[in-house]
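Grab a pencil and work through these exercises with the structure open beside you. Try each task before you read its solution.

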Amino acid sequence: MRIIGLLIVIAFGSLLRYGVFFFPEWGDPASPPSLHVSPHYIEEAIAETAVPNLVTAVLADYRGYDTMFETTVIFAAGLACFMLLRVLQRQVPECRLYRHIPTGITLRIEKGGKLPTESGSFERIDSNWVPHDLIIKSTSRFITPFLQIFALYVIAHGHHSPGGGFQGGVILGAAVIMYAISYDLRRSIQRIGEQATAVLGSAGVLIYAGTGALCMVLGAAFLDYGALAGLLGVDPVMARSHGMLIVEIGVGIAVSAVMVWIYYNLSSAGRHDEGL
Amino acid sequence: MENLSPHFPALIIIVPLIAALLTSAAGWLNRRLCFHFAALGLFTSLLVSTGLLASVLDKDVILYRLGGWPAPWGILYRIDRLNGLVLVVIFFIAFLNLIANKRTVEESFPEQLGGFYALYVLFVTGLSGMVATGDAFNLYVLLEISSLTGYALIGIGHERAPLAGLNYLFMGTIGASLYLLGIGFLYLMTGSLNMTDIASLLPGFYGSPVMVLAFLLCMTGLFIKMALFPLHAWLPNAYSFSPSASIGVIAPLTTKVMIYVMIRMTFDVFTPDFSFKMMHLGEVMVWLAVAAIIMGSLFALAQTRLKRMLTYVIIAEVGYMVGGFWLGNRMAVTGAVLHILNDAVMTLCIFLAAGAVVYQICGDDFEDLKGLFRKMPISMAAFTVAALSLIGVPPTCGFFSKWYLISGGIAAGHYGFVVALLFSSLVNAVLFFRIIEIGYFEPFSEGEGGHGVHHGPPAMEIREAPAGMLACLLLAAVSLIVLGIYTGDIVTRIIDLAIPPAI
């Protein structure tokens, strides 16, 4: 069986290699992809969309419909993780660990034992993450605001430099995940709950689809941002640029929320109790 | 209504997308709304797609520029008679199955209703988008949506469903990647992603090996996705372990939509000239289809559980359509296209019936089916209609598409295919009459334990499926006969005009 597999892989690989001999030269300006569609994007994008970053113009406007579904793919991934992993029956764990903060002593409380009250002097710790970690906590606390501001910058500046909703959203989500890793999952879930991540995930995609639908209501084609000109008080070309910003914000919200949502489910095997 | 009608091609996809998002949000805010959002979204799309089909009958082709950009710079939707018809079928099946399985979903996923319905509606969105789009890459994106949600819908079942879902994920991802690679090759040669545009540029590259590779890659990817023998191994497990509500939409639609995509790619992207005349693939494909039909039927014979048996019947049915299509004559292609429609509704009906049985008696071993006709007479009547249609008995629709396929096989002189079709019809007859026999003649198994207590036949109680499920099941069964009666109209008014004159 293994040999058959190997033979198939070799045959397939050599077939692909054979095809490569007939490809246009790498980076050849006279190859079909450089001659057919791209010249229009390169020459006209600024005049038609007022966005200097070509990639963003193609991604969010010319082929914005694809991007809307790419965002939906991410949302669907979050949903899939939620459906497959989430355990909703409350299970009491075998034992819980608490740290007495003033002394640093760790208490192990077996199932059925009396749990400490929610006073300030005990904190619950994960069973696989016992040590004090002052350096990690302080560093992450120090980095988080910069990370978040950088994420917002990447989302907002996608029109002019590499970036956009996907990249910015990932950075924003990573900030929350870093918080969850350096402190613990429960604290992170207290700040940004599961419900918030799920609802924000669909809200982000809804901003994208809703913007498209608004264009439709205003009489243009779906996602034809030019129709927003009247609402935004700018000319139709500038409205395209602004429209892209709106959908990029939607993408950013969706991506960051879904990242966190997936992390919650993956790291705790769906229990949302103890995690990485 | 008047000013919305130019937007119909976008609305059929956008309405369910937005409905899915609202459904998911409603799952967290007010769970009772989930079902309503999902049902409303699918029903609206069903209406819109019917309107679209009506207008496409007059206008031939409706184009819609998404974002207002002309092709090839932007993405174009292209609705013609063929995909207009497929779209109506998709939404009809998805809506019917949603209503039928309201109860089972509420019982299986009481706290994850929003998630389930959102996945369900997104799955349908992906499929319908794949059918409606005129852009080869956009098709891939929507394929991703329907695949991803499909894996999840399968993985949430019981027993070995997560493992089966994972297997399906591996195979499905390979299939989708091959398709994407093929599209990459096409882009490399032509610089375009719009289907019509690629088709107009391709004649210059007919001799190129890259074209041949692109064609083979796209097709292989689609064959994996449609579970054509011998690439079918993922299907039986994935389909038999998943919840009834998921399988009721996945089984009728996934393979059929993939076959439609294959037809779309060969007709509208690679052009019939290239696909049929220059590739010399027809013969190989028809023999593969023959193998699929025969192996699918034989495997089906070996099964002892209802749902699992049906999954092998699906594999055989895929062979019908692939074989009919690659015979490449007008009669056979008509049969293949007609069978997409008929088989989708047949599969819906038989899986709804199986779902009703599983819901009531909590099992689908043949042993459990004893005495079922007395216990669930209406469900089993619908089951029988679907079985007759799968066997190919007139006046059910299954007969007519099989008739076209067999006539096409004879016209092409391909007797292997004809024999395979007849063989599979016989096997289907054996399969379904065996079940009908168990259900009709063998005594109900619960009575056996009580010999000492009662004398005479055990008291038999009618325990039918819930009313909603039953109504949808009956509607599906009736539509099998209606489709059969209107076959002539469907063929002359829609399919005949949709097949390119070159065939």
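**Exercise 1: Contacts and overall form**

In chain B, residues 24 or more positions apart account for 79% of the contacts with a separation of 6 or more; two residues are in contact if their C-beta atoms, placed from the backbone, lie within 7 Å. Before we go on, note that this is a predicted model, where local features need pLDDT of at least 70, side-chain atom pairs count only at pLDDT 80 or more, and totals for chains, interfaces and linings use all residues. Residues are numbered from 1 along each chain as its sequence is written, while chains are lettered from A and ligands numbered from 1 in the order in which they are written.

Task: Find what share of such contacts in chain A join residues at least 24 apart, and set the radius of gyration of each chain against the globule rule.

Solution, step by step:

- Start with the contacts: in chain A, 65% of those between residues at least 6 apart in sequence join residues at least 24 apart.
- Next, the rule: the radius of gyration is taken over C-alpha atoms, and the globule value is 2.2 Å times the number of residues to the power 0.38.
- For the 276 residues of chain A, a compact globule would come out near 19 Å, but chain A has 25 Å.
- For the 503 residues of chain B, the rule gives a value near 23 Å, and chain B agrees with 22 Å.
- Now the spans: the C-alpha trace of chain A covers about 75 × 65 × 35 Å along its principal axes, and the C-alpha atoms of chain B fill a box of roughly 85 × 60 × 40 Å.
- Finally, burial: a residue is buried if 20 or more other C-beta atoms lie within 10 Å of its own, exposed if 12 or fewer, and partly exposed in between, with C-beta atoms placed from the backbone. That makes 39% of chain A buried and 62% of chain B.

**Exercise 2: Elements, domains and the shared side**

Task: Count the helices and strands of each chain, then work out which helix of chain A gives the largest share of the side that touches chain B.

Solution, step by step:

- Helices (H or I, at least four residues) and strands (E, at least two) are DSSP runs, numbered from the N terminus.
- Chain A has 11 helices and 3 strands, in the order α-α-α-α-α-β-β-β-α-α-α-α-α-α. Chain B has 21 helices and 2 strands.
- An automatic or database domain assignment splits chain A into domain 1 (1-36) and domain 2 (52-88 + 134-267). The C-alpha centres of these two domains of chain A lie 35 Å apart.
- Where the chains meet, 47 residues of chain A are in contact with 49 residues of chain B. The helices α1 (2-20), α2 (32-35), α4 (54-62), α5 (64-85) and α9 (194-217) of chain A each supply at least two residues of the chain A side.
- The winner is α5(A), with 14 residues.
- By class, this side of chain A has 33 nonpolar, 9 polar and 5 charged residues. Here Ala, Val, Leu, Ile, Met, Phe, Trp, Tyr, Cys and Pro count as nonpolar, Asp, Glu, Lys and Arg as charged, and the others, Gly among them, as polar.

**Exercise 3: A strand pair in chain B**

Task: Are the faces of β2(B) covered or uncovered?

Solution, step by step:

- Strand β2 of chain B takes in residues 75-79, and 5 of its 5 residues are buried.
- On one side sit I75(B), Y77(B) and I79(B), on the other L76(B) and R78(B), and all are buried, so both faces are covered.
- Its partner is β1 (residues 62-66) of chain B, antiparallel and joined to β2(B) by 5 bridges; strands pair if DSSP finds at least two bridges between them.
- Within this pair, L63(B) stands opposite R78(B).
- In the loop between β1 and β2 of chain B you'll find P72(B), and the peptide bond from A71(B) to P72(B) is cis, with omega near 0 degrees.

**Exercise 4: A helix and what follows**

Task: Check the span of α9(B), then look at the residue that follows this helix.

Solution, step by step:

- The expected span of a helix is 1.5 Å times one less than its number of residues. The 18 residues of α9(B) should therefore span 26 Å, and the end C-alpha atoms agree at 25 Å apart.
- Of those 18 residues, 14 are buried.
- After α9(B) comes A227(B), with a positive phi near 60 degrees, although A227(B) is not a glycine.
- A227(B) counts as buried because 26 C-beta neighbours lie inside 10 Å.
- The loop between α9 (209-226) and α10 (235-241) of chain B also holds P230(B), joined to F229(B) by a cis peptide bond with omega about 5 degrees.
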